[in-house]
Amino acid sequence: MHTLLIYESMYGNTHAIATAIAGSLSHFGDVRIVPVSEATEELVAWADLVVAGAPTHAHGMPTAKSRSSAVDGAAKPDGWSQVTLDASAQGPGIREWLQGLGALDGKRAAAFDTRAPGPALLTGRASTGIAKQLREHGFQLVADPESFIIDTHQRLRDGEEVRATTWASSLVPELVTSD
Ligand SMILES: Cc1cc2nc3c(=O)[nH]c(=O)nc-3n(C[C@H](O)[C@H](O)[C@H](O)COP(=O)(O)O)c2cc1C
């Protein structure tokens, strides 16, 4: 199985979850993990499964404006000053990547996000938007969108990377049974 992990990440949380998912799925075949800016059509064509994730911003997928706010937040002397920008932070976002995507009839996919704690109805979640767009491009979703949760310091809660590896393993039987 060839798996392509695509992530958008400003502060590294979504990148860390993508890395955990990639580690888990590497037991089942070849895995490539790339920021959105490197998610080429060739890589998508190579993949049997595409797993895409992004941070939740303003209740949904990040925008150019919310990314700019995140950069400002990282530069502030207090508040989010604990965060540092991920190496991929200046690239395009998952929203723009999805907009430029062609039709991928039947290719398997799954979506995840990172977000604040609390009911998704209040926080919003980027993964539902990602999943909807993937479906509209013809992907077959092999799992419900999943969220991984941060703490009050904008860092992943303890145990979320482990939960991500478990979620990733749960995708594999779905791939076998949906053949
Ligand atoms: C500009 C901005 C807006 C955000 N808006 C939301 C939001 O609406 N709902 C939410 O649950 N979390 C929100 N968050 C928190 C992020 O989803 C969370 O910090 C995420 O883990 C960041 O992922 P990253 O480290 O990969 O950038 C926001 C963060 C930023 C910087």
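User: Which residues of α3 are buried, and how is such an assignment to be read?

Analyst: Buried means under 20% relative accessible area, exposed over 50%, and partly exposed in between (1.4 Å probe, protein chains only). In α3, the buried residues are Ser 66, Arg 67, Ala 70, Gly 73 and Ala 74. Those residues line one face of the helix, because they fall within an arc of 115° when α3 is seen down its axis; the arc is that of the directions from the helix axis to the C-beta atoms. On the other side of α3, the exposed residues are Ala 64, Lys 65 and Ala 75.

User: On what basis do these assignments rest?

Analyst: The model is predicted: local features need pLDDT of at least 70, side-chain atom pairs count only at pLDDT 80 or more, and totals for chains, interfaces and linings use all residues. Residues are numbered from 1 along each chain as its sequence is written, and side-chain values use heavy atoms, with hydrogens and water left out. Helices (H or I, at least four residues) and strands (E, at least two) are DSSP runs numbered from the N terminus.

User: What span does α3 reach from its first C-alpha to its last?

Analyst: The expected span of a helix is 1.5 Å times one less than its number of residues. With 12 residues, α3 reaches 17 Å, close to the expected 16 Å.

User: How many residues surround the ligand, and which element gives the most to that shell?

Analyst: A residue belongs to the shell if one of its heavy atoms lies within 4 Å of the ligand. There are 21 such residues, with Ser 9, Thr 14, Thr 56, His 59 and Gln 154 the closest. The element that gives the most is α3, with 3 residues.

User: Which polar contacts does the ligand make, and how much of its area does the protein bury?

Analyst: A polar contact with the ligand is a pair of N or O atoms within 3.5 Å. The side chain of Ser 9 places an N or O atom 2.6 Å from a ligand oxygen, and a backbone N or O atom of Gly 12 lies 3.1 Å from an oxygen of the ligand. A polar backbone atom of Ala 58 is 3.0 Å from a ligand nitrogen. Taken alone, the ligand exposes 640 Å², of which the protein buries 90%; the areas come from the Shrake-Rupley method with a 1.4 Å probe.

User: Where is Ala 58 found, and what is its phi?

Analyst: Ala 58 is found in the loop between β3 (49-55) and α3. Its phi is near 45°, a positive value in a residue other than glycine. His 59 is placed in the loop between β3 and α3 and has a positive phi of about 75°, although it is not a glycine. Ala 58 counts as exposed at 73% relative accessibility, and His 59 is exposed at 53%.

How values were computed. A polar contact is a pair of N or O atoms within 3.5 Å; within protein, one must be able to donate a hydrogen and the other to accept it, and residues adjacent in sequence count only if both atoms are side-chain atoms.
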